[in-house]
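Colleague: Got a minute to walk me through this model? I'd like to start with how you set things up.

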Amino acid sequence: MAPDLRVRLGSTELPNPVLTASGCASSGRELAQFIDVSKIGAVVTKSVMLAPRAGRPTPRMAETNSGMLNSIGLQGPGIDAFLQRDLPWLLSRGARAVVSIAGSTVDEYAELATRLSDAAGVTALEVNISCPNVEHRGQVFACDPVDAGAVIEAVRARARHDLPVFAKLSPDVTDIVQIARSCVSAGADGLSMINTLLGMVIDTETMRPVLAGLTGGLSGPAIRPIAVRCIWQVRAALPDVPIIGMGGVMTGRDALELILAGASMVSVGTAIFHDPSACARIARELDEELARRGVKRVSEIVGAAHEARAAASQGRVARMERT
Amino acid sequence: MTAGEHESESGPLQVRGTVLTVRQVDAYYAMTIVAPGIAARFKPGQFVAVAVGGPDTSMLLRRAFSIHDVRPDHGGTVEFVFAAAGRGTRWLAERKARDVLDLTGPLGRPFPVPRDPVSCLLVGGGYGSAPLFALASRLRQRRCSVDFLLGAASGDRVFGALTARRSGRSATITTVDGSLGVRGIVTDMLGQVIHEARTDVIYACGPMGMLRQVTALARRYDIPVQVAVEESMACGIGVCMTCVLPVVGTDGITKMVRSCVDGPVFRGEQVRWDEVGTIPFDAFGAPGWEPKMRRIPARPAADEARRHGHGA
């Protein structure tokens, strides 16, 4: 029998736990040329801001071994255009829309939460807190437990009560569990992790940084072990908080790894650049991986690696007793 | 899943194509792949994006190549030209017949063609000339005359000189080292060729510096010019936002547009060449840009430049 891949996100049932990662699928329209966007778990949109934004200068991208750096700078048309054009399109295609929001002040996030709560059809909000806080000398919200909590508290207060709010965490912190706790205390219904890691590449011919913005976010399979570690730590500390895991997922096996660490859902990002049908393929591969292991429901094995550790040590004890 | 079935009949496809041939052409390589759907939908100026490195590759980004030619044999083949300049293209150059590659295409907006039978000048730099030959065929079907102006650093880097000489009404070649044709660069000869060919429309493809100069000269002669830009891309399908450049729309507003889906072909004068690689202060959504309808809190530009948060 085929495994049951359905998962719940707030009041919405997703057909499977494979989502797009924010910033890697725009608002879904381009991917619809290659996959049926209604058949993946959800489309997590590119982060939407209040005002239109031109982003950073080019070059914005550098390929690295098993990864890439990007420095897009949140280019986008702003919330008005998103609500007029992108959200209705996603809903017309039968896709579930998880809207990523980004701001420079707590008030901007709160305003976005209000606007998106007034719009029908949003499945959840993912709060991209890896943005500089203009009111705190450009300190990135996600790197400060107080700032991160303040954003989530404001968003939770303004978002419709039945609209789940997920905080997207940065791995570029000393203690991700501390930030996670702060966000959950502030009212986050769930956590997304991990955002990209800040990196840099220098061209040894020109002897200059490759990216015009100097630094960029590192993504791709190169960072997957970091994602697994972060999800593991947060799941161990906060076992009841749903996690959307992301970070270098290229295959169904990779998605399963994040699920075993504690993710209920998995977002696919950089893999889409390599393979525009990656989300559909990974959902299919995950189905095969679960079937092969005799898993009936994907929800059964969320965080199973934590239990397996106990099981393995029990096994070792048993073997020792036999000898 | 069969790719491409969800959108229009003319949209791009993702296919696994079998390599037919990889051959060296002077300083470049030409690869022919069996890809019937892409061949059938192709229009001159469009490109393919190829995954490189095989399964479990450490090179995640697709390589984009403009389509040189499509042929009906084997159900439909696509040929593209590349220089083995980096790790990914060297890997491609080592492919053999019957190897299978994952490619998406045809991508991007094609060259618009004139309604009337006019005099067209096709300007190419290096292997940027590759997409111009399919365009030439299309133009000749429209009873346009076609003149070529091709240039490169040296003779072995002028792609398609022979074809240009054989098929063009005229063909002018320039090389920096003088090893083929006239010593110099294409823009040295542009005025003379325009004059002799009584050019009505220019099409150009090649390095950004060349396109910028061709556009400037075309403007001087008041001739419309269509350029196919070469910006580095990661996905080729419009989702990664890395290949943007400042382009003025018909509404007069400059936007950072994606060269993969809004281009690669643009009207030359629409591109703000002096500001490629920057965000013009008045671009839509730039720090200096003011929305007409509602005011937003101003963000100090200095703060913006100082911070390197990594929201993407």
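Modeller: Sure. I call two residues in contact if their C-beta atoms, placed from the backbone, lie within 7 Å. Keep in mind that this is a predicted model.

Colleague: Okay, so which strands of chain B does helix 5 lie across, and at about what angle does it run to strand 8 of chain B?

Modeller: Helix 5 of chain B covers residues 186-197. It lies across strand 7, strand 8, strand 9 (170-175) and strand 10 of chain B. Its angle to strand 8 of chain B is about 165 degrees.

Colleague: And helix 6 of chain B, at about what angle does that run to strand 12 of chain B?

Modeller: Helix 6 of chain B spans residues 208-220 and lies across strand 7, strand 11 (201-205) and strand 12 (225-228) of chain B. Relative to strand 12 of chain B, helix 6 of chain B runs at about 175 degrees.

Colleague: Which strands stand at the edges of that open sheet in chain B, and why is one side of each left without a neighbour?

Modeller: The sheet has 7 strands in the order 10-9-8-7-11-12-15 (chain B), with mixed pairing. Each edge strand has a single partner strand, so one of its sides has no neighbour in the sheet. The edge strands of chain B are strand 10 (182-183) and strand 15 (265-267).

Colleague: Inside the sheet, what is the bridge partner of B:Ser119 in strand 8 of chain B?

Modeller: Strand 7 (residues 119-125) of chain B pairs with strand 8 (residues 145-152) of chain B in the parallel sense, over 7 bridges. In strand 8 of chain B, the partner of B:Ser119 is B:Ser145.

Colleague: Which strand gives the most to the side of domain 1 of chain B that touches domain 2 of chain B?

Modeller: Chain B is divided into domain 1 (13-107) and domain 2 (119-228). Their C-alpha centres lie 24 Å apart, and 12 residues of domain 1 of chain B are in contact with 11 of domain 2 of chain B. On the domain 1 side, the top contributor, with 4 residues, is strand 4 (residues 63-71) of chain B.

Colleague: Over in chain A, are helix 3 and helix 4 roughly parallel or antiparallel?

Modeller: The axes of helix 3 (residues 145-158) of chain A and helix 4 (residues 176-185) of chain A come within 8 Å and cross at roughly 30 degrees. Angles under 35 degrees count as roughly parallel. So helix 3 of chain A and helix 4 of chain A are roughly parallel.

Terms used: Residues are numbered from 1 along each chain as its sequence is written. Chains are lettered from A and ligands numbered from 1 in the order in which they are written. This is a predicted model: local features need pLDDT of at least 70, side-chain atom pairs count only at pLDDT 80 or more; totals for chains, interfaces and linings use all residues. Two strands pair if DSSP finds at least two bridges between them. Helices (H or I, at least four residues) and strands (E, at least two) are DSSP runs, numbered from the N terminus. Axes are lines fitted to C-alpha atoms, for helices over the stretch in contact, and angles run from 0 to 180 degrees between N-to-C directions. Domain bounds come from an automatic or database domain assignment. Angles under 35 degrees count as roughly parallel, over 145 as roughly antiparallel, 65 to 115 as roughly perpendicular and the rest as oblique.
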